[in-house]
Amino acid sequence: MEDFEIFLSRLASEEKLYEETAKKLGAADITDRYTLSGAIAQKGAPASYKVYISDEDIDNSAIDDIKSAFTDAAEENPEISVEFISDEFLNLIDDKARITAESKPRTLVHRDGDLHPTVHIWMIKRRDGGIFVLLQKRSHEKDINPDCYDVSAAGHVSQGEEFRHTALKEVREELGLDIDRSQLEFIGLKKAEFKKDGIDDNELVAVYICREHIEIEDLTLQSSEVSEVCWAEIDELLSVMKYEDIPNCISLDELDMIKKAVF
């Protein structure tokens, strides 16, 4: 049985969507629903199609037509199986650390280890000569590092977005804070990778700090992402991470980046 994975972005034009489908089928001259139906028939059976569709709330008539072509083929031939999967699409990173126009479903990005863009935002404050960072405790429901202390807010850069816009969105969603672009201070890029249980999360991380005064009691936490938050002085945090068994996925490199940026 032949297995096919087809990616349909709701942000793409009709021409691009049919080009993508033709490429994945190894076919030529697919320009509409009818030529696609012919290409599927020519591929024959048995065949399995997984059709990933990006999860933006945007209508795209070409995607509706492509879905219909695959649905009709499966109804006409029981040896053809079709599964439609809604997923967040992520742009990939090239070998020069640039966000490309190529996008791919998040599930498959994490399966295949593709380098993709993410953001980390550290809320910080100075007090009594020390630097304090706001830590979040990741929700128990998270697939990666559940119940671990982590950066103040973080997230993947969805297709068509850029680092700073995503950083603002993640702070708003995870912490309930509305901040301005000017309040984010970029302190560097770093690579990070997590591998476990079939997940290969290979990230290029844009790291930001925000020095605005905030009070924990004023935050509105996103329960699906964050179970609690707390302040920690960086040097004390480093000591605890070194000598005590505290569940965390905190980057020592990022703590060092913060210290260099502040002092």
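This is a conversation about reading the features of a predicted protein model.

Biologist: Before we zoom in, how many helices and strands does the protein have?

Modeller: Seven helices and 12 strands. Keep in mind that we're looking at a predicted model. Along the principal axes, the C-alpha atoms fill a box of roughly 70 × 35 × 35 Å. Of the 263 residues, 48% count as buried.

Biologist: And what share of the contacts comes from residues 24 or more positions apart?

Modeller: Taking the contacts with a separation of 6 or more, residues 24 or more positions apart make up 64% of them.

Biologist: Okay, helix packing. How do I describe two packed helices?

Modeller: You give the angle between their axes and the distance between the axes. Try it on helix H1, residues 14-25, and helix H2, residues 33-43: their axes come within 11 Å and cross at roughly 10°.

Biologist: So are H1 and H2 roughly parallel or roughly antiparallel?

Modeller: Roughly parallel, because an angle under 35 degrees falls in that class.

Biologist: Which residues meet there?

Modeller: H1 brings Tyr-18, Thr-21 and Leu-25, while H2 brings Arg-33, Leu-36, Ala-39, Ile-40 and Lys-43. Sorted by class, this contact has five nonpolar, one polar and two charged residues.

Biologist: Leu-36 sounds worth a look. What is Leu-36 in contact with, leaving aside its neighbours within four places in sequence?

Modeller: Tyr-18, Thr-21, Leu-25, Ile-30, Ile-66, Ala-69 and Phe-70.

Biologist: Now the core. What's the general idea?

Modeller: In soluble globular proteins, nonpolar side chains tend to be buried together. Here, the largest nonpolar core has 22 residues, and the members touching the most others are Leu-8, Leu-25, Leu-36, Ile-40, Tyr-49 and Phe-70.

Biologist: Which elements give two or more residues to this core?

Modeller: Strand S1 (2-8), H1, H2, strand S2 (47-54) and helix H3 (61-76). H3 gives the most, with six residues.

Biologist: Next, aromatic rings. How many aromatic pairs does the structure hold?

Modeller: Four. To read one, check the distance between ring centres and the angle between ring planes. For Phe-7 and Tyr-52, that's 6.1 Å centre to centre and 75° between the planes, an edge-to-face pair.

Biologist: Where do Phe-7 and Tyr-52 lie in the fold?

Modeller: Phe-7 is in strand S1 and Tyr-52 is in strand S2, so this pair ties together parts 45 residues apart in sequence. Phe-7 and Tyr-52 are both buried.

Biologist: And why is the pair of Tyr-49 and Phe-70 called tilted?

Modeller: Its planes sit at 55°, with the ring centres 5.0 Å apart, so the pair is tilted; edge-to-face would need an angle over 60 degrees. The pair links Tyr-49 in strand S2 with Phe-70 in helix H3, 21 residues apart. Tyr-49 counts as buried at 0% relative accessibility, and Phe-70 counts as buried at 1%.

Biologist: Which residues do ring pairs link into a cluster?

Modeller: Phe-4, Tyr-49 and Phe-70.

Biologist: Let's move along the chain. How would I read a single residue, say Ile-121?

Modeller: Go through element, burial and neighbours. Ile-121 lies in strand S6, residues 115-127, and is buried, with a relative accessible area of 0%. The C-alpha atoms of Ile-121 and Cys-210 are separated by 7.2 Å, though these residues are 89 apart along the chain. Beyond four places in sequence, the contacts of Ile-121 include Val-151, Ala-167, Leu-184 and Tyr-208.

Biologist: My turn to pick: Thr-166. Is Thr-166 buried or exposed?

Modeller: Buried, at 0% relative accessibility. Thr-166 is found in helix H5, residues 163-175. Leaving aside neighbours within four places in sequence, Thr-166 touches Val-119, Gly-155, His-156, Val-157 and Glu-161.

Biologist: One last residue, Cys-230. Why does Cys-230 count as partly exposed?

Modeller: Its relative accessibility is 24%, and buried would mean under 20%. Cys-230 is in strand S12, residues 226-233. Cys-230 and Phe-132 are 98 residues apart in sequence, with 9.8 Å between their C-alpha atoms. Setting aside neighbours within four places in sequence, Cys-230 is in contact with Val-133, Leu-134, Leu-135, Tyr-149 and Ile-216.

Note on methods. Residues are numbered from 1 along each chain as its sequence is written. This is a predicted model: local features need pLDDT of at least 70, side-chain atom pairs count only at pLDDT 80 or more; totals for chains, interfaces and linings use all residues. Side-chain values use heavy atoms; hydrogens and water are left out. Helices (H or I, at least four residues) and strands (E, at least two) are DSSP runs, numbered from the N terminus. Buried means under 20% relative accessible area, exposed over 50%, partly exposed in between (1.4 Å probe, protein chains only). Contact means heavy atoms within 4.5 Å. Axes are lines fitted to C-alpha atoms, for helices over the stretch in contact, and angles run from 0 to 180 degrees between N-to-C directions. Angles under 35 degrees count as roughly parallel, over 145 as roughly antiparallel, 65 to 115 as roughly perpendicular and the rest as oblique. Ala, Val, Leu, Ile, Met, Phe, Trp, Tyr, Cys and Pro count as nonpolar, Asp, Glu, Lys and Arg as charged, and the others, Gly among them, as polar. A nonpolar core is a set of buried Ala, Val, Leu, Ile, Met, Phe, Trp, Tyr and Cys residues joined through side-chain atoms within 4.5 Å. Rings of Phe, Tyr and Trp (its six-membered ring) pair if their centres lie within 6.5 Å; planes under 30 degrees apart count as stacked, over 60 as edge-to-face and the rest as tilted.
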